Each structure stands twice: as structure tokens, then as C-alpha cells.
Amino acid sequence: MPEIHARRRAALAALLHENGVDALLVTDLLNIRYLTGFTGSNAALLLHAGGDAKTLFCTDGRYTTQSEAEVPDLERVLDRASARALAAHAAEQGYGRAGFESQHVSVEEHENLKVRFDRVELVRTPGLVEQLRVVKDEVEIAALRAACAAADRALAALIEAGGVRPGRTELEVARDLENRMLEHGSAGISFASIVAAGPSSAIPHHRPTGAELSRGDFVKFDFGATVDGYHSDMTRMVVLGEPADWQREIYDLVHRAQAAGAEAVRPGAVVSEVDAAARSVIADAGYGEQFAHGLGHGVGLEVHEAPSLAAAGVGTLSAGMAVTVEPGVYLAGRGGVRIEDTLVVRDSGPELLTLSTKDLVAV
């Protein structure tokens, strides 16, 4: 889809004008994918404020055919040292000021680039591409929606097949779930899947082990699929057998908090106030200290990206942002609950992308 990438590059060129630089050397591969569609492992992009006619893409000979297909609308050069080659080009063309992604460039590489840029003034310009990436276009949202659907289908298939049962280990269930995501349209997993049973469900980022699931356990699933490089992120809870009263109490509390947080997701909302909308429900019930993480985060080409929905978060939401809402209550030694959805901020109200039931599933 060269036209969508061209629009993104045009938006970035406008930011370069605002920041007073002639060009930006883009070296982060996710940012390069966002701007060009290239999915290889080595590339750099010298995006000129004057537009695509002066913009140059570089990769190496391993990707000649691939880059011709994925980046058909930009001038391409081949050089294994892609960033340094483009820096030398900027020097040859007599650019005055060139920005670089200082948040992604090591000190050593910065020293090498300064030599290649020669008399060009090298300027730190962190986060310019990420500033664009925070608001998703409809192509990105379609990929996010497909990734969420793959995760939804995988969880449903796992439960329907009896894959969550006493005697299976957390690791077995996690691998089963991940394989089912691949079977249902995912290109890969967003992150190492969390399957946490019994007391381990009170550990927010528990890693699956050889521990066996037992009757009466809470089982927490935090997992995601990827489609076209875009990630989903969802957490759901299952209980093995009839839920105990304390399990229903904690689950219902987190369910109400999650609904309050999701309701607060709207254009113009201050991110810290979105966090507070959910956190206050839990705090008012006396479990504030048992909710020790932020409410959510942005999701896209990275599973964790801006904005941050947290008490210390800064900024406001805009239509088109994709965020998670994931409150939790964790009772050490007993068990914990987290419920998480991926949503898109819309003028008419949040669009829910993760559609698995949020009722407490008993198996």
C-alpha cells in the first residue's frame, strides 16, 4: 500500500519543517516499516523535508527483491552499512541540518554517524515518528482488529477443546494457546503468553511453569496475536470448577473497574483521569494497594507504546489511538484477577477490539 506510506512520510516531512531540519535519518526498523512497508532486518531511511523526490531508502543486497516489492515508490541504494551510507549521501548533497533518532542510536553509532555526516549539523530529534504512530489510521486499526480476532478465536477454541483442565501444566496450556493463535490467523505471538494458575495468578507478570492446574484455581491468561506487524493484548480469567465466594467478589470488583476505565476512554480525556476512573473503584472497595500497576498502554507495532494510562501519565487521548484497559487485584498467596481489553478511541465511544466474554468462565 504505497499510498498510505506516502501519506505518513508527508506528515513526517511537515514535522521536519516544524523542527527546522532538512532531513531525518530513520534507523529504527519499526519506524521504517511504518513509513515504507519494509519488513527486512537491515535498512535506513533518509527522509527529506522536501518530500519523496529527495528521500532515499537503503538496505543491503539480501533484500534487493524484497525491497523492490515492498518499497516501490522510493529511490533505493544497497549498502550493508545503511545508516552510514545515507549519512555520507547527506554530506555529499550539502544538507545543512539533519535529525537522527537519538532514542534508538547508541553512543558508538552516533560517533560514527558524525564522521559520515561531515559538515552537516547532526541534531537530536527523538520521537518524531512515534509522535505520528500514536494515532492509528484505518489500515492500522484493521490490522489490530484482525490480531484481536485471532486471539479471541484461539481462546475460544482452547476452552471448547477442554484445554484448560486440572492436571495440565501452565506451560502446556500456554503452548497450546499460542499454537491455536497461529492456526487462527496470527503471524506470531505478541509476547510470551502468561498462563498463571492458583496463587500464581496473583503475580502480575508470572511466567508459565511446570505447575499443574488444580480444581478451584483461578487461571489468568494474558496473551496476544500479531497481524501485519500489529499486536493485540488481552487478559481473561477462567476458574476450574465452581467459583468460591472470594473469587466472585474479586472478579466482580475488577469487572466493574474495567468497565469504568473503558467508559472513560474518549477523545480529550486526560490519561491520568482515565486511570483514576478505574482505580477509584478498586480503592473504594479497600483494595487500592493490591492494584500496583498502571491501567493500560498504547498498542500497535509494539505491544507497549504511547500513550501511558497511569496515575503519572501525561497527555490526553485522541481519536484513533489504540489502548489497553487492564485493572487488576492481586491477593498474594491466594490468587488475582486482571481483565484487559484492547480498544480504539472514537468520537462516538470506544471501539472494543477484543470480544471474548468478560463473564467469569467456569470450566
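Which residues of α2 are buried? In this predicted model, the buried residues of that helix are N31, I32, Y34, L35 and T36. At the start of α2, the backbone nitrogen of L30 lies within 3.2 Å of a side-chain oxygen of D28. Just after the helix, G37 has a positive phi of about 90°.

Helix α2 also contributes to the largest nonpolar core, as one of the elements that each supply at least two residues. This core has 34 residues, and those with the most contacts inside it are L12, L16, L45 and F57. The elements that each supply at least two of its residues are tabulated here.

| Element | Residues |
|---|---|
| α1 | 2-18 |
| β1 | 23-26 |
| α2 | 29-36 |
| β2 | 44-48 |
| α6 | 128-133 |
| α7 | 138-160 |

Beyond its neighbours within four places in sequence, F57 is in contact with residues including I32 and T36 of the chain, as well as L45, V71 and L74. A second, separate core has 32 residues, among them V239, V274, Y287 and L331.

An unreviewed UniProt entry lists residues 143-346 as "domain: Peptidase M24". Over residues 143-346, the chain is 32% helix and 23% strand, with the end C-alpha atoms 17 Å apart.

Four strands form an open sheet with mixed pairing, in the order β8-β9-β12-β20. Its edge strands, β8 (194-197) and β20 (361-362), each pair on one side only. Strands β8 and β9 run antiparallel and are joined by four bridges, with I194 opposite D222 in β9. Helix α8 (residues 170-183) packs on the sheet and touches both β8 and β9. The direction of α8 makes about 145° with that of β8.

Notes: Residues numbered from 1 in each chain as written. Predicted model: local features only at pLDDT ≥ 70, side-chain atom pairs only at ≥ 80, totals over all residues. Heavy atoms only, no water. Core = buried A, V, L, I, M, F, W, Y, C linked by side-chain atoms within 4.5 Å. Buried < 20%, exposed > 50% of the residue type's maximum accessible area, 1.4 Å probe, protein only. Contact = heavy atoms within 4.5 Å. UniProt positions renumbered as here; feature names shortened; annotations may be inferred. Polar contact = N/O pair within 3.5 Å; in protein donor to acceptor, adjacent residues only side chain to side chain. Pairing = 2+ DSSP bridges. Axes fitted to C-alpha atoms, helices over the stretch in contact; angles between N-to-C directions.
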